[in-house]
2 protein chains.
Amino acid sequence: MFERLYGKAKKFLIGRPLKNEDLHDEKLNIFWGLPILASDAISSVAYAGEEILIVFIGVIGLLSYKYLFLTALAIGLLLIFLVFSYRQTIDCYPNGGGAYIVAKDNLGVTPGLFAGSALIVDYILTVAVSASAGTSALISMMGFLSNFRVEITIFLIVMMTLGNLRGVKESSRMFGVPTYIFLISMFTMIIVGVVKVTFFHQIPTAAFPVPEATGSITIFLALRAFSAGCTALTGVEAVSNSIPNFRDPAQKNAKIVLMLLALLVLSIFGGTSYLATMYHAVPHENSTVLSQIAYSVFNGGFMFYVIQITTAVILTMAANTSFSGLPLLLSLIAKDGYAPRQFAKRGERLGYSNGILLLAVASSLLVMRYEAQPHQLMPLYAIGVFISFTLSQTGMFMRWISIRKEGWVFKAMINGTGAMITFVTVIIIGVTKFTHGAWMVVVLLPFLVWLMRQTKDHYEGFARQLKLSPDNVDEETENIDVQRHVVVLVSSLNKASLKAISYARDLCEGRNIVAFHVSLSIEESKKIKEKWVECGLDIPLIVKYSPYRELINPLVSYIESEEHQSSIGDMITVVMPQFVVSTWWHSIYHNQTANAIRKRLLKDRHVAVVTVPFVLDR
Amino acid sequence: MFERLYGKAKKFLIGRPLKNEDLHDEKLNIFWGLPILASDAISSVAYAGEEILIVFIGVIGLLSYKYLFLTALAIGLLLIFLVFSYRQTIDCYPNGGGAYIVAKDNLGVTPGLFAGSALIVDYILTVAVSASAGTSALISMMGFLSNFRVEITIFLIVMMTLGNLRGVKESSRMFGVPTYIFLISMFTMIIVGVVKVTFFHQIPTAAFPVPEATGSITIFLALRAFSAGCTALTGVEAVSNSIPNFRDPAQKNAKIVLMLLALLVLSIFGGTSYLATMYHAVPHENSTVLSQIAYSVFNGGFMFYVIQITTAVILTMAANTSFSGLPLLLSLIAKDGYAPRQFAKRGERLGYSNGILLLAVASSLLVMRYEAQPHQLMPLYAIGVFISFTLSQTGMFMRWISIRKEGWVFKAMINGTGAMITFVTVIIIGVTKFTHGAWMVVVLLPFLVWLMRQTKDHYEGFARQLKLSPDNVDEETENIDVQRHVVVLVSSLNKASLKAISYARDLCEGRNIVAFHVSLSIEESKKIKEKWVECGLDIPLIVKYSPYRELINPLVSYIESEEHQSSIGDMITVVMPQFVVSTWWHSIYHNQTANAIRKRLLKDRHVAVVTVPFVLDR
């Protein structure tokens, strides 16, 4: 009953299974590809500007707004460089040119794994940050929700997970519409706001007073603000990594989406920074900067609520970028043997279910640890993605230099500049955020790379041990061809053991069959011997008394002694009955001895275990 | 390596395994039996008086001390009745006459199970309450420990568990010495205190002011205080339940221990109540009543610390009463078939390890839930044990009436009075504590009884299905004697599957062997067919394409169709290779498909599964 319920619930939540042949239907065109892959970058305007202000506002007071604008400008420039760099990557890697592939191809395996690990970490953080920021948007609108910050965030992640387990195409539809609503309402807000400020000179009073300046601007402060703002740029990677998700012509579509993405981010980031400056928005725990702008522009009317809700929705959708990016990346790494194979297997609905689940669990843990406070998560964020940017751009640079095809100098210059700029950014982020948490990421990456190498080693050793070429079939067959000894395990003389005995006798006619019993008391030994005779069983019974009330060791020593007497290559067949219970919770009534015995016996390559089921009714 | 470390740690903590034949050495004499079985009752003086005062002090102020004395008197009388009642039980039940056995014998199975469940609940609570109260004693001495209340309590429970897994005799030694130190220091404190008050009229000022009276004494208040004080009487049951733990003459020894226990409880409870009255001790979260008395008597000197430490130790030892009582009780219930059999199995050191572990886990959960505050746990406490007292005394009463041996009238009167008094106590506790938590126990008991009945039903059905008498051996054997079909599962053509094929070919000479492969893509299907031919394998290969990337269902439908074609009683033998990894964590690399397939196939009574191990190096 439990299993049936589970099956029904799964079907309802995830949908009916899809065939392999349905796969080509699940691709994205530009119209749906833009919202699903660009929402991460676009939505980050909801917190990137705020993070910059948090750095400045306590120190330089009103001057913050001037430097907010300058910082946004610098980040905008960085974005333009990234877009041009990544256009070249899309050209060269039609099957998806994430940093992992580009770095591995052009710089070697270890840089590739570093880029891959960095991206994995950042995808997970994107989910945690975006879902938390989405919750913040809701709380800015309805303050009483602040008591359920963590619960709401986890709920958003769960919904996201279910949507993605359903499959790529359905998720794009489901998530695309709100992204467009968000874009429309953001542009409405910016236009209305700019018009009000420019033509009507309406500047409402701010919700919170701007703190007095306590210091002056320093280079370190400016760099910290820049690092904080870099969180806006984490979505760019997703597009070039996801080319196989696009409908043909995939590369062209991806490039268009990338350009549109950059334009949207630039205009919205610029527009909201301008309005934040005009309205003197001040970061506050239960009221985001964006919500203060929206409130001022629309005087808290209907459109304020539309903005808050669509912001929350698009931030949640942003998490979805990771839900399409991470499982794909993990499947690539798994196909190369650097991650467990389960990540390369498509689930019932053709998504990489295991990657999706890993992402859901890891990000939920982060949300719980940092209590769904976006600002707490920020120091861990962005460093990973800039490491992968750097490795990827460096890889492209090396590629042009080694290939030297027509026009390579210009192309190498673009990617070289990209590499340099992103490398400088890594240093800036690393230095300014190191003590705030970036060190964790720095420690984690080498560890992940080591794990991936271990995994590869294991699979290589595994393949070597299994490899069979047509030439050595005969010799392999020769090795295992005699097996005379058959041991039937008997716990007591009942129908189940009789079934096992009958089965063994029929299967192994003419072989040497013995029954083996471990008894926990001397009484028990006597009793089973008597019953054996009484029942007239014609195969010999060996009874071993185990004074330490231990079942497995006496059995193992008996089998090892038998093995000793047989010639090399002989296999011993152990036949054992196993009770099969009809209800899952009945298994507590039958201790898991059968499973434990089998597990132990199979450690010996010369023992095969035959399980004869005895199905219990009810 | 992991397993070796585990083995070593276990040996160090628990000791080397003991043989069945060592069992008789593990019995208790009077000198060691008293501390191990009486510590529960004796130690409850550390909180019972305090609980009575908590009820009174907020309401009737200074008058509390008068009623404390009266309540203590009533509880003392109750104890005397219980002792006489239980002496008769010990006479009649030399193999341990816990409430479970007595009620089952004389009242029927359901009352027996109720008594058993009630005792189980109370044993668990005894551990939680005593360990928490032990921690309170430590905190009264060293206030800074109050931040680690839960941690300290759990640590105490873990130490207790390890001690008990080592075995009965060692634990009595380990735990007996501190009980005697406690007794000596308590008597010293009482004598010194009484002498100071009586002869020198030294009455120090109290640590905390006695609150003003806000109401007057009511019957309900008095009854609530009585219920609170009844927590002192939970240890009595343990003695008569544990007669088999005593050295011969076991019954005589048990009766002596019971008498000594009552004398000790009466004198210490009386003495401390007197001193609490004289010194006007007031309950306080971080300073127990007992610690206030000890501080006053010894002026906070060396003996104060001795009292606090030995109180903490003996309270922990009190938990140990449950650690010897509950596993024994559970083993009796399990032997009757009302609890899973695991509870009737002796562990490596001859203790009932599973019962010990259950107790440790359940009490730790309670401690965490109630933050190790004894006062929070009290409302759940004592009701269970008085339910079992009542059932046990009623059982004894019925016994005398039905047997009518010499002197039965007098004996029936004693047990009848006992039953009545304890029944009234159950009603009092139930009514006065119901809304504070006693309702949980009231709800839990019928549920436990239902579970136990379910368990019995299962085991009975199980035994019926398995039962084999010498007469039906032949007919059972007849049923399973043909099995022609052998299916070898092949995931890809490698050494492991070749080993399985060779094994199957040799084992089942002349039978109908086929290889079966489920492929997840059409490519894969082609590839394996080609390689099969290339390798020159002479058994037919069946390839099934699974568009939903699902392995088990195609296999099951194939086997069901095969089964359909064969005659009734035929068994199909499925041979499958299984990788055996050398390090436990390597199992994440190989998905658990083999286990899942076997588990599914065994649900069919006509399928036997042969597992051929392929051991991976490193």
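Visitor: In strand E1 of chain B, residues 485–489, how many of the five residues are buried?
Guide: In this predicted model, the two faces of E1(B) can be taken in turn, with B:His485, B:Val487 and B:Leu489 on one side and B:Val486 and B:Val488 on the other. Both of these faces are covered, and the strand is accordingly described as mostly covered, the number of buried residues being five of five.

Visitor: Which residue of E2(B) is the bridge partner of B:Leu489?
Guide: E1(B) pairs with strand E2 of chain B, residues 512–519, in the parallel sense and over five bridges. Within that pairing, the partner of B:Leu489, itself one of the buried residues of E1(B), is found in E2(B) and is B:Phe516.

Visitor: What is the handedness of the β-α-β crossover from E1(B) to E2(B)?
Guide: The two strands that the crossover connects run parallel to each other. Between them the chain passes through H20(B), and the handedness of this path from E1(B) to E2(B) is right-handed.

Visitor: Which residue of E4(B) is the bridge partner of B:Val488?
Guide: E1(B) is also joined to E4(B), by three bridges and again with the strands running parallel. B:Val488 belongs to the side of E1(B) that holds B:Val486 as well, and its bridge partner in E4(B) is B:Val575.

Visitor: Turning to chain A, how many of the 13 residues of H20(A) are buried?
Guide: Helix H20 of chain A covers residues 495–507 and reaches 18 Å from its first C-alpha to its last, close to the 18 Å expected at 1.5 Å a residue. Its buried residues include A:Ala496, A:Lys499, A:Tyr503 and A:Arg505. The helix is largely enclosed by the rest of the structure, because the buried residues number 11 of the 13.

Visitor: Is A:Leu507 buried or exposed?
Guide: A:Leu507 has its place in helix H20 of chain A, and its C-alpha is separated by 10.0 Å from that of A:Val486, a residue 21 places away along the chain. The cut-off for a buried residue is 20 or more other C-beta atoms within 10 Å. A:Leu507 has 23 such atoms within that distance, and therefore counts as buried.

Visitor: What kind of axis relates chain B to chain A?
Guide: Chain B can be laid on chain A with an RMSD of 0.2 Å, by a turn of 180° combined with a shift of 0.1 Å along the axis. That is the relation of a two-fold axis.

Visitor: Which residue of chain B has the C-alpha nearest the axis?
Guide: Strand E5 of chain A, residues 607–615, is joined to E5(B) by three bridges, and the two strands run antiparallel. In this pairing A:Val610 stands opposite B:Val610. The C-alpha in chain B that is nearest the axis lies 2.0 Å from it, and belongs to B:Val610.

Visitor: How many charged residues are on the side of chain B that touches chain A?
Guide: The contact takes 66 residues from chain B and 66 residues from chain A. Among the elements of chain B that each supply at least two residues to this side are helix H18 (438–466), helix H20 (495–507) and strand E5 (607–615). By class, this side of chain B has 31 nonpolar and 17 polar residues, while the charged residues number 18.

Visitor: What is the form of the peptide bond from B:Asp248 to B:Pro249?
Guide: B:Pro249 lies in the loop between helix H10 (236–241) and helix H11 (250–279) of chain B. In chain A, the bond joining A:Asp248 and A:Pro249 has an omega of about -5° and is cis. For the bond from B:Asp248 to B:Pro249, omega is near -5°, and its form is likewise cis.

Visitor: What is the phi of A:Ala382 near?
Guide: A:Ala382 lies in the loop between helix H15 (374–377) and helix H16 (383–403) of chain A. A:Ala382 is buried, because 30 other C-beta atoms lie within 10 Å. Its phi is positive, in a residue other than glycine, with a value near 80°.

Note on methods
Residues are numbered from 1 along each chain as its sequence is written. Chains are lettered from A and ligands numbered from 1 in the order in which they are written. This is a predicted model: local features need pLDDT of at least 70, side-chain atom pairs count only at pLDDT 80 or more; totals for chains, interfaces and linings use all residues. Helices (H or I, at least four residues) and strands (E, at least two) are DSSP runs, numbered from the N terminus. The expected span of a helix is 1.5 Å times one less than its number of residues. A residue is buried if 20 or more other C-beta atoms lie within 10 Å of its own, exposed if 12 or fewer, and partly exposed in between; C-beta atoms are placed from the backbone. Copies are superposed by least squares on the C-alpha atoms of residues with pLDDT of at least 70 in both. Two residues are in contact if their C-beta atoms, placed from the backbone, lie within 7 Å. Ala, Val, Leu, Ile, Met, Phe, Trp, Tyr, Cys and Pro count as nonpolar, Asp, Glu, Lys and Arg as charged, and the others, Gly among them, as polar. Two strands pair if DSSP finds at least two bridges between them. A crossover is right-handed if, with the strands pointing away from the viewer, the path from the first strand over the helix to the second runs clockwise.
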